[in-house]
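Here are a few short exercises to work through with the model open beside you. Try each task before you read its solution.

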Amino acid sequence: MSPIQRPMRHSVVCEAATKKKADSAAKRARQAEKRRIYNKSRKSEVKTRMKKVLEALDGLRKKPDAQPEEVLPVEKLIAEAYSVIDKAVKVGTLHRNTGARRKSRLARRKKAVEIHHGWYTPTPAETVQ
């Protein structure tokens with residue numbers, strides 16, 4: 001048996017264009033970094049707004065002679081926090097369930113302060129027959 005002889009093939013590589021195509025992985029990395037910085041600032045703003053609301057509510061809760069009118073500035077802070085959370089959800093920085101959870105957390109804390117001072121009385125749940 002004789003080995004099969006294959007002709008020697010020589011390939012010539014020549015670069016026709018000197019301009020190199022942009023590396024798509026590098027571009028995605030640049031885009032991801034931009035989004036990361038943008039999302040980081042959005043998340044930071046959400047946390048800051050929530051912290052301001054929670055601090056205001058804690059101060060109101062600790063105040064023994066608080067009046068119901070003192071809730072109005074806190075409600076304004078809550079509205080601003082809701083707005084920031086909704087915008088973060090809309091652009092995709094936060095998941096919609098995360099946004100809903102954070103808004104619910106603020107509302108529950110506000111209601112707890114109102115119950116604590118006696119400004120709000122929850123109605124007893126009706127029994128289902």
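## Exercise 1: A charged patch and its helix

Lys27 has its place in helix 1, which spans residues 24-62. Keep in mind that this is a predicted model.

**Task.** Find which residues gather with Lys27 in a patch of positive charge on the surface.

**Solution.** Start with the exposure of Lys27: its relative accessible area is 43%, so Lys27 is partly exposed. That passes the entry condition for a patch, since residues there need over 30% relative accessible area and no salt bridge. Next, look for its companions: Arg28, Arg30 and Lys34 gather with Lys27 in the positive patch on the surface.

## Exercise 2: The overall layout

**Task.** Work out how many helices and strands the chain has, and what percentage of its residues count as buried.

**Solution.** Begin with the secondary structure, which comes to three helices and zero strands. Along the sequence this reads as α-α-α. Then turn to burial: 19% of the 129 residues count as buried. The chain exposes about 11100 Å², with carbon and sulfur atoms supplying 54% of that area. Finally, check the contacts: among those between residues at least 6 apart in sequence, 72% join residues at least 24 apart.

## Exercise 3: Salt bridges within helix 1

**Task.** For Arg36 and Arg49, name the salt bridge partner of each.

**Solution.** Take Arg36 to begin with: Arg36 pairs with Glu33, and their closest N and O atoms are 2.8 Å apart. Both lie in helix 1, three residues apart, about one turn of the helix. Arg36 has a relative accessible area of 44% and is partly exposed; Glu33, at 36%, is also partly exposed.

Now take Arg49, whose partner is Glu45, with the closest N and O atoms 3.5 Å apart. This pair also lies in helix 1, four residues apart, about one turn of the helix. Arg49 is partly exposed at 27%, and Glu45 counts as partly exposed at 33% relative accessibility.

## Exercise 4: A bridge between helices

**Task.** Lys110 and Glu75 meet in a salt bridge. Decide whether Lys110 is buried or exposed.

**Solution.** Check the distance: the side chains meet at 3.2 Å, N to O. Lys110 is in helix 3 (residues 96-117) and Glu75 in helix 2 (residues 71-91), so the pair ties together parts 35 residues apart in sequence. Lys110 has 18% relative accessibility, so Lys110 counts as buried, whereas Glu75, at 32%, is partly exposed. To close, note that salt bridges with shared partners join Glu45, Arg49 and Glu80 into one network.

Technical notes:
Residues numbered from 1 in each chain as written. Predicted model: local features only at pLDDT ≥ 70, side-chain atom pairs only at ≥ 80, totals over all residues. Heavy atoms only, no water. Patch = residues over 30% accessible without salt bridge, like charges linked within 9 Å, V, L, I, M, F, W, Y side chains within 5 Å. Areas by Shrake-Rupley, 256 points an atom, 1.4 Å probe, with all protein chains shown as cover. Salt bridge = Lys/Arg side-chain N within 4 Å of Asp/Glu carboxyl O. Lys, Arg positive; Asp, Glu negative; His and termini not counted. Charge placed at Lys NZ, Arg CZ, Asp CG, Glu CD. Helix = DSSP H or I, 4+ residues; strand = E, 2+ residues; numbered from the N terminus. Buried < 20%, exposed > 50% of the residue type's maximum accessible area, 1.4 Å probe, protein only. Contact = heavy atoms within 4.5 Å.
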